[in-house]
Amino acid sequence: MKVPANILIVDDDRDVLETARMFLKQEFSSVDIEEDPSKIPGYFEIKDYDVILLDMNFKKGMNDGEEGFYWLGEILKIDPQAIVILITAYGEVDVAVKAMKEGATDFVLKPWKNQKLLGTILSALQLRKSKKEVVRLKETQNTLNRDKPHNFNDFIGESPAIQRVKELITKVAKTDADVLILGENGTGKELVARAIHNLSLRKDEIFISVDLGAISETLFESELFGHVKGAFTDAKQGKPGRFELANEGTIFLDEIGNLSLPLQAKLLTVLQSRKIRRVGANREIDVDFRLVCATNMPLSEMVYEQKFRQDLLYRINTVEIRIPSLRERIEDIPLLVDHFLGIYSRKYHKQNLSINKHTVEKLKNYHWPGNIRELQHAVERAVILSEGETISSVESFISPTTSIHRVPSQAKTLDEMERDFILQSLEENNGNVTQTAKSLGLTRTALYRRMNKHGI
């Protein structure tokens with residue numbers, strides 16, 4: 001079998017080019033030849049070359065290698081990780097050694113022996129692979145450091161509602177099906193996405209999380225698809241996008257409901273073709289990834305209102321997983337409180353701290369509009385404010401701006417009155433957003449917008 005590699009040979013001697021191509025075509029998947037070095041940049045617009053064999057001199061009678069030095073520099077400007085093997089005559093060895101100090105990888109002497117040439121190229125390919133892996137790992141680590149999740153990866157809960165979610169995760173994880181996770185803010189959608197990845201056949205590969213709501217429209221393509229050096233003013237070097245980094249792993253697109261229609265179209269193209277093109281590049285790159293998306297918005301209603309593409313919804317929701325709100329799994333509150341208490345008592349050096357059982361029972365009566373995230377912050381606040389070894393005051397968990405019993409507030413502004421009215425309606429409808437929207441005379445989308453506005 002041929003070695004999968006793109007080889008480019010640049011030499012002004014046509015016989016040398018044809019001889020090299022005839023031999024190397026037997027060994028490698030792609031071999032291109034060129035007599036005119038000024039056409040080198042054009043080749044790089046079409047292909048990503050693994051090895052370039054470059055003659056040192058292109059004018060008869062010249063042996064100082066100046067042209068070779070120039071084109072070596074141009075190649076390295078285009079691709080700093082390029083592997084360049086110099087083609088040189090016996091008397092030009094000193095020039096070739098000097099060129100290696102300037103960035104060339106190796107050199108071969110004319111006339112060469114075929115097996116020596118093949119060995120040199122194979123060694124260069126290994127170096128190329130190592131360089132690309134180093135760049136990929138570096139970019140991956142940088143991305144992971146930026147995107148490191150602030151929540152905890154433990155999936156806590158034994159309620160029937162959460163057990164159904166766990167069963168669905170187990171069924172879908174082993175497949176490569178696209179998954180859409182639905183749920184309110186703070187319910188743990190990213191934890192579900194990570195659980196799917198950790199149980200999948202891609203568990204040993206990378207998990208890339210992308211908050212689409214935090215990426216501006218101007219940076220969308222650069223962040224997701226990458227860019228080449230010089231693609232825009234601040235592009236001082238090329239950078240792979242999130243899809244490229246997620247190759248062979250899982251990419252999690254959170255807040256997908258926030259994408260504008262033009263960006264939805266660009267995303268759909270990539271999801272259909274499994275190919276990306278970096279900003280400023282002409283060639284496409286194949287990407288292999290598992291797709292998991294999430295949103296707290298009613299995508300089906302948004303399709304009806306022409307705010308979300310129906311074809312994109314069909315593409316991303318092969319399987320839907322709805323995460324229950326904390327109001328729908330109140331029996332899990334003691335487990336969650338105990339889990340977060342253990343984390344924060346260690347963090348704040350209060351190892352013997354406990355919470356009164358009666359207090360935990362009272363916490364079940366709270367509406368928890370912020371779901372598990374709000375509960376997590378409430379436990380942290382209680383631990384920080386605790387003075388003894390037992391937390392027995394419910395008020396320790398709740399911010400002074402709210403109430404454990406949700407008593408009507410003395411709202412002074414229209415926004416405050418609207419927020420309290422929505423919360424009251426949610427309670428009256430047992431947290432059912434659809435019923436609440438109907439009772440308020442709103443669409444689900446309109447209600448979600450108002451809930452996001454007020455942080456509900």
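Strand β6 (residues 179-182) pairs with β14 in the parallel sense, and 4 bridges hold the pairing together on paper. Within this pair, L180 stands opposite E320 of β14. Please keep in mind as you read that this is a predicted model.

## The sheet around β6

The two strands belong to an open sheet of 5 strands, ordered β7-β10-β13-β6-β14 and paired in parallel fashion. β7 (207-211) and β14 (319-322) are the edge strands; each has a single partner, so one side of each has no neighbour in the sheet. On average, neighbouring strands here are turned by 20° against each other, direction ignored.

Let us walk across the sheet from the β7 edge. β7 and β10 pair in the parallel sense over 5 bridges, and I208 stands opposite I251 in β10. On to the next pair: β10 and β13 run parallel and are joined by 4 bridges, with F252 facing V292 of β13 as its opposite residue.

How much of strand β10 (residues 250-254) is buried? The strand is mostly covered, with 5 of its 5 residues buried. In a regular strand, side chains alternate between the two faces of the sheet. β10 shows two sets: T250, F252 and D254 point one way, while I251 and L253 point the other way, and all are buried.

A helix also packs on this sheet. Helix α6 (residues 160-173) lies across β6, β13 (290-295) and β14, and runs at about 155° to β14.

## A glycine beside β10

G213 sits in the loop between β7 and α8 (220-225). Is G213 buried or partly exposed? With a relative accessible area of 47%, G213 is partly exposed, because only values over 50% count as exposed. Leaving out residues up to four places away in sequence, G213 touches D254, E255 and N258; D254 is also one of the buried residues of β10. For a sense of scale, G213 and I422 lie 209 residues apart in sequence and 24 Å apart in space, C-alpha to C-alpha.

## Helix α13

Helix α13 (residues 333-347) has 15 residues, and its first and last C-alpha atoms are 21 Å apart, close to the 21 Å expected at 1.5 Å a residue. Its buried residues are I333, L336, V337, H339, F340, L341, G342, I343, Y344 and S345. An α-helix has 3.6 residues a turn, so residues three or four places apart point the same way. What covers the buried residues of α13? The cover includes β15 (354-355), α14 (357-363) and α15 (371-385). After the helix comes H349, which has a positive phi, near 55°.

## Salt bridges

How many salt bridges does a search of the whole structure find? The search finds 29. Three of them are set out here.

| Pair | N to O distance |
|---|---|
| D79 and R128 | 3.0 Å |
| E284 and R277 | 3.8 Å |
| E305 and K307 | 3.7 Å |

The salt bridge between D79 and R128 links distant parts of the chain: D79 is in the loop between α3 (66-78) and β4 (84-89), and R128 is in helix α5 (residues 114-147), 49 residues apart. Both D79 and R128 are buried.

The partners in the other two pairs are partly exposed. E284 has 43% relative accessibility and counts as partly exposed, and R277 is partly exposed with a relative accessible area of 40%. E305 counts as partly exposed at 28%, and K307 is partly exposed at 35%. Elsewhere, salt bridges with shared partners join D48, D50, D79, R128, K132 and R283 into one network.

## Confidence in the model

The chain has a mean pLDDT of 86, and 91% of its residues reach 70 or more. Where does pLDDT stay under 50? One such stretch is residues 149-153, for which the model has 12 contacts beyond four places in sequence. Another is residues 402-411, with 19 contacts beyond four places in sequence.

Technical notes: Residues numbered from 1 in each chain as written. Predicted model: local features only at pLDDT ≥ 70, side-chain atom pairs only at ≥ 80, totals over all residues. Heavy atoms only, no water. Expected span 1.5 Å × (residues − 1). Buried < 20%, exposed > 50% of the residue type's maximum accessible area, 1.4 Å probe, protein only. Contact = heavy atoms within 4.5 Å. Pairing = 2+ DSSP bridges. Axes fitted to C-alpha atoms, helices over the stretch in contact; angles between N-to-C directions. pLDDT = per-residue confidence, 0-100. Salt bridge = Lys/Arg side-chain N within 4 Å of Asp/Glu carboxyl O.
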